[in-house]
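User: Please take a close look at one part of this model. Which contacts build it up, and how is it set in its surroundings?

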Amino acid sequence: MIMNKKTILVLNMGMKSIRSIIFDEKGNKLASAAVPIITSLTGEHVTQVPAEWWEKACRVIRETVADVGNVSVDYLTVTSSSSCLVCVDKNGEALLPCMMVSDKRAKAESDFMKEMPVFAKVKEKTGLGMDASLLIPKALWVKNHEREIYEKTDKLLTPNDYLILKFTGRYVTDYMNAHKWHYDMEHKRYPVELLEETGIRLDLLPEVTNPGDSIGRVSEKAAEETGLTPKTEVVISTYDAICSFVGSGVLKEGEAGDVSGTVTVFRAVSGQKKTISADKIQQIPYYEGGIHIIGGSNNLGGGLIEWVKQCYYQNETLPYELMEKDAGEASLGAGGVIFLPYLLGERAPIWDSSARGVFFGLERMHTRKEMTRAVFESTGFIDLDMISAIEEAGVKINKIRLSGGLARLNLISQIKADITGKEVEILSEFETTATGAAMMALFGQGIYGSLQEAAEKFVRVRMIIRPDPRNHEKYQKLYQLYKETYSTLKPLFPKRMRLAEKLYGNKRIKIENL
């Protein structure tokens with residue numbers, strides 16, 4: 001039951017922008033502002049600059065606080081990408097650019113840790129495999145390759161933790177973010193033995209608390225910089241993938257959420273803990289909500305469309321409308337063209353950091369229409385890969401809720417319905433990461449009695465799309481070719497990477513919009 005009227009500001013930092021959104025307790029958006037963030041690619045390095053986050057966070061918060069006028073902001077919560085590493089000194093200042101989740105430079109450290117006898121026990125307890133995208137391999141990379149920086153490091157943080165530090169002066173994380181350190185959520189314990197074996201000190205890691213907990217109020221310094229007041233309470237939510245899932249309102253078994261912003265987050269819900277393959281997907285308990293969240297995130301979802309725009313539609317006045325028109329004019333199956341969407345390697349469910357993008361089957365007759373269509377169809381094959389892994393765990397999926405930037409393209413939504421064979425619901429609010437963070441924080445503070453009550457305020461379905469059975473049958477055959485293409489090329493990806501490093505070395509690229 002809703003008590004007093006409350007407002008909450010969600011600071012949502014993704015791979016391509018940082019956004020401030022203020023909601024009231026009825027789920028109404030009172031104000032919003034966003035600015036882009038620069039991501040740098042240098043070989044295997046994918047980085048952002050933490051000082052830029054805070055400067056731009058202050059800017060967008062000031063704008064939204066000004067927009068709501070005399071309305072006070074009661075709560076603030078932060079959500080951002082997980083598995084990104086920030087090393088800070090005793091003053092809380094970043095010592096290195098942040099190693100983002102898709103940064104793959106810690107592959108050797110990850111491979112080394114996979115073979116450690118102690119890791120087998122950690123994997124069994126946490127249900128989490130080992131990959132270069134995770135936090136202990138990244139910390140070990142810093143220890144191995146930036147020894148002077150490591151010696152100056154006072155804390156190892158995620159972007160969530162870093163921004164919370166800026167607001168409160170406290171080093172705090174939630175147990176879902178801590179899971180990326182192979183934190184045992186059930187027994188509330190960091191992997192002490194694994195950390196000892198790798199030489200990573202336990203005291204470098206932040207305190208762990210629960211989503212929905214208040215950790216204090218905005219400091220006077222942060223209030224002065226952001227335009228907030230020291231009365232605003234800072235409430236923990238969690239990382240963006242989980243927030244976006246909660247914000248989709250997927251609370252019943254049989255439902256799944258596809259949130260495709262820069263990456264695609266695909267997860268389903270279970271009322272009970274399931275036995276999963278830790279080498280494919282993850283299982284995150286949300287104890288306060290009484291649910292288990294099963295699935296994972298890949299490296300690029302909507303980011304694929306941005307890449308297509310940069311390649312083929314950069315000089316067009318209405319690029320998205322034109323690419324949707326082009327893809328719609330190409331035949332189902334893109335005239336026999338298959339696209340492997342692994343431009344930055346891939347996380348769930350194949351976990352292959354060496355994989356790269358491939359157009360397979362190009363012929364002289366093909367144009368950008370077929371290539372665009374093939375990229376569109378790859379977004380549906382991504383979903384089907386995730387569904388297969390989730391259903392292996394015994395969670396049947398009947399319906400998918402779509403949100404994020406890709407849900408604005410109706411053709412992609414229809415393609416996803418046809419490829420998966422599932423009914424698709426398009427949500428009215430595309431910003432499900434922000435709504436989910438708000439729901440978790442307000443539920444944790446007792447503003448709502450349940451997640452379902454929160455969902456009734458924040459989540460609405462705009463459109464329902466049903467699959468075409470004839471198209472689904474054709475896509476099943478194309479999906480098999482898609483899988484076989486990857487399996488055949490898999491041994492060549494590491495060879496290609498080694499050759500590319502010899503030929504080109506590390507080339508630095510700045511991307512303002514992934």
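Analyst: **Helix H11 and its surroundings**

Ala 334 has a relative accessibility of 0%, so this residue counts as buried (under 20% relative accessible area; over 50% is exposed, in between is partly exposed; 1.4 Å probe, protein chains only). This is a predicted model: local features need pLDDT of at least 70, side-chain atom pairs count only at pLDDT 80 or more, and totals for chains, interfaces and linings use all residues. Numbering starts from 1 along each chain as its sequence is written, and side-chain values use heavy atoms, leaving out hydrogens and water.

Ala 334 sits in the loop between H12 and E18 (helices, H or I, have at least four residues and strands, E, at least two; both are DSSP runs numbered from the N terminus). Its phi is near 55°, a positive value in a residue other than glycine.

Both H12 (319-329) and E18 (338-340) are among the elements that cover the buried residues of H11. H13 and helix H14 (410-420) are also included in that cover. The buried residues of H11 are Gly 302, Gly 303, Leu 304, Ile 305, Glu 306 and Val 308.

Take the pair H11 and H13. H11 spans residues 302-312 and H13 spans 368-392. Their axes lie 10 Å apart, at an angle of about 170° (axes are lines fitted to C-alpha atoms, for helices over the stretch in contact; angles run from 0 to 180 degrees between N-to-C directions). H11 is therefore roughly antiparallel to H13 (over 145 degrees; under 35 is roughly parallel, 65 to 115 roughly perpendicular, the rest oblique).

From H11, Leu 304, Ile 305, Trp 307, Val 308 and Tyr 312 take part in the contact (heavy atoms within 4.5 Å). H13 brings Arg 368, Met 371, Thr 372, Val 375, Phe 376, Ser 378, Thr 379 and Ile 382. By class, that is nine nonpolar, three polar and one charged residues (Ala, Val, Leu, Ile, Met, Phe, Trp, Tyr, Cys and Pro are nonpolar; Asp, Glu, Lys and Arg are charged; the others, Gly among them, are polar). In soluble globular proteins, nonpolar side chains tend to be buried together.

After E18, the loop to strand E19 (358-360) holds Pro 349. The peptide bond from Ala 348 to Pro 349 is cis, with omega near -5°.

Now the sequence just before H11. His 292 belongs to strand E17, residues 291-297. His 292 is buried, with a relative accessible area of 15%. Beyond residues up to four places away in sequence, His 292 touches Ala 268, Val 269, Ser 270, Gly 271, Gln 272, Lys 273, Gln 283, Ile 284 and Pro 285.

Finally, the wider setting. The largest nonpolar core has 70 residues (a set of buried Ala, Val, Leu, Ile, Met, Phe, Trp, Tyr and Cys residues joined through side-chain atoms within 4.5 Å). Leu 85, Val 142, Leu 156, Trp 181 and Tyr 286 have the most contacts inside this core. H15 gives the most to it, with eight residues. Another core, of 44 residues, lies apart, with Val 35, Ile 37, Cys 58 and Phe 167 among them.

Ser 83 offers a second case of positive phi in a residue other than glycine, near 60°. Ser 83 is in the loop between strand E6 (75-80) and strand E7 (86-88). This serine is buried, at 2% relative accessible area.
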